[in-house]
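Colleague: I have the sequence and the fold open side by side and would like to talk them through with you. Could we go piece by piece?

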Amino acid sequence: MTVRPVLAIGVGVVVAAVDFLGLLPGWWWLTSVVAFLAALLLRGAAAFWWMVLGSLVGWTAMLLWHGGSDIPRIANLVGELAVNTSGVGWAVVVLTYLLALLLALTAGWLGSQLRRLVTPLRART
């Protein structure tokens, strides 16, 4: 393995760990901060997609940590409370992952675009 794939995989592992630890006290917004910083500091599509995968792994670990085998039951309860209909727990889980993806992708995109903007400014000075 070259250094680049190892670094990209390392980004995923670090992002997953930081997201998991940030979600312990309920800091869901930390996913955006970590994704922004990872994309700002590191170049390459591989690092970007490993960062997104790391975010999803961190959120999955937190769901399993809090819910364990009760995730379907908890998701159904949340769905029943939200829309007053039973059997929509799958939608709650899907929306949870969509939120994680939205946070990671938008903050990652913003970080990578800011890096692309700052790099030419550094070259001029």
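Colleague: Where does V34 sit?

Modeller: V34 is placed in helix 2, and I should say at once that we are looking at a predicted model.

Colleague: Is V34 buried or exposed?

Modeller: V34 has a relative accessible area of 13%, and because buried means under 20%, V34 falls in the buried class.

Colleague: And which residues does V34 contact, if I ignore the ones within four places in sequence?

Modeller: With those neighbours left aside, V34 is in contact with V15, V18 and D19. For V15 there is also a C-alpha distance from V34, which comes to 6.6 Å across 19 residues along the chain.

Colleague: Let me step back to the whole protein, then. How many helices and strands are there?

Modeller: The secondary structure has 5 helices and 0 strands, which reads along the sequence as α-α-α-α-α. The C-alpha trace spans about 60 × 30 × 25 Å along its principal axes, and of the 125 residues 31% count as buried.

Colleague: How much of the contact count comes from residues 24 or more positions apart?

Modeller: Taking the contacts with a separation of 6 or more, 75% of them are between residues 24 or more positions apart.

Colleague: L23 caught my eye as well; where is L23 placed, and what does L23 touch?

Modeller: L23 is in helix 1 and is buried, with a relative accessible area of 10%. Apart from neighbours within four places in sequence, L23 is in contact with W28, G58, W59, M62 and H66. One of those residues, M62, is 39 residues away from L23 in sequence, while the two C-alpha atoms are 6.7 Å apart in space.

Colleague: Switching to pockets: how much space lies in the largest pocket?

Modeller: The largest pocket holds about 310 Å³ of space. It is lined by 14 residues, and the closest to its centre are M62, L63, H66, I74 and T96. Two of these, M62 and H66, came up a moment ago as contacts of L23.

Colleague: Which elements give two or more residues to that lining?

Modeller: Those elements are helix 3 (45-67), helix 4 and helix 5, and helix 3 gives the most, with 5 residues.

Colleague: Since helix 5 has come up, what can you tell me about A104 and S112?

Modeller: Both are in that helix, as A104 is placed in helix 5 and S112 lies in helix 5. A104 counts as buried at 0% relative accessibility, and S112 is buried too, with a relative accessible area of 12%.

Colleague: What are they in contact with, beyond four places in sequence?

Modeller: A104 is in contact with T31, A35, M51 and S55, whereas S112 touches A39 and L40. The C-alpha atoms of A104 and W29 are separated by 9.7 Å, with their positions 75 residues apart along the chain.

Colleague: On to the surface. Which residues make the nonpolar patch of about 650 Å²?

Modeller: That patch is made by W27, W28, W29, V33, L37 and L41. W27 lies in the loop between helix 1 (3-23) and helix 2 (30-41), and at 43% relative accessibility W27 counts as partly exposed. For the protein as a whole, about 8,000 Å² is exposed, and carbon and sulfur atoms supply 75% of that area.

Colleague: And how many salt bridges does a search of the whole structure find?

Modeller: The search finds 1 salt bridge, in which the side chains of R73 and D70 meet at 3.5 Å, N to O. R73 counts as exposed at 53% relative accessibility, while D70 is partly exposed, with a relative accessible area of 34%.

Colleague: Last one, about the backbone: what is the phi of N84 near, and where is N84 placed?

Modeller: Phi of N84 is near 60°, a positive value in a residue other than glycine. N84 is placed in the loop between helix 4 (71-83) and helix 5 (89-124).

Colleague: Why does N84 count as exposed?

Modeller: N84 has 70% relative accessibility, and because exposed means over 50%, N84 belongs to that class.

Key: Residues are numbered from 1 along each chain as its sequence is written. This is a predicted model: local features need pLDDT of at least 70, side-chain atom pairs count only at pLDDT 80 or more; totals for chains, interfaces and linings use all residues. Side-chain values use heavy atoms; hydrogens and water are left out. Helices (H or I, at least four residues) and strands (E, at least two) are DSSP runs, numbered from the N terminus. Buried means under 20% relative accessible area, exposed over 50%, partly exposed in between (1.4 Å probe, protein chains only). Patches are made of residues with over 30% relative accessible area and no salt bridge: like charges are joined within 9 Å, nonpolar side chains (Val, Leu, Ile, Met, Phe, Trp, Tyr) within 5 Å. Accessible areas come from the Shrake-Rupley method with a 1.4 Å probe; for residues, only the protein chains shown count as cover. A salt bridge is a side-chain nitrogen of Lys or Arg within 4 Å of a carboxyl oxygen of Asp or Glu. Contact means heavy atoms within 4.5 Å. On a 1 Å grid over the protein atoms alone, a cavity is a set of points where a 1.4 Å probe fits but cannot get out, and a pocket is an open set with protein on both sides within 12 Å along at least five of seven lines; lining residues have an atom within 4 Å of a point. Grid points are joined across faces, edges and corners, and a volume is the space filled by probe spheres set on the points.
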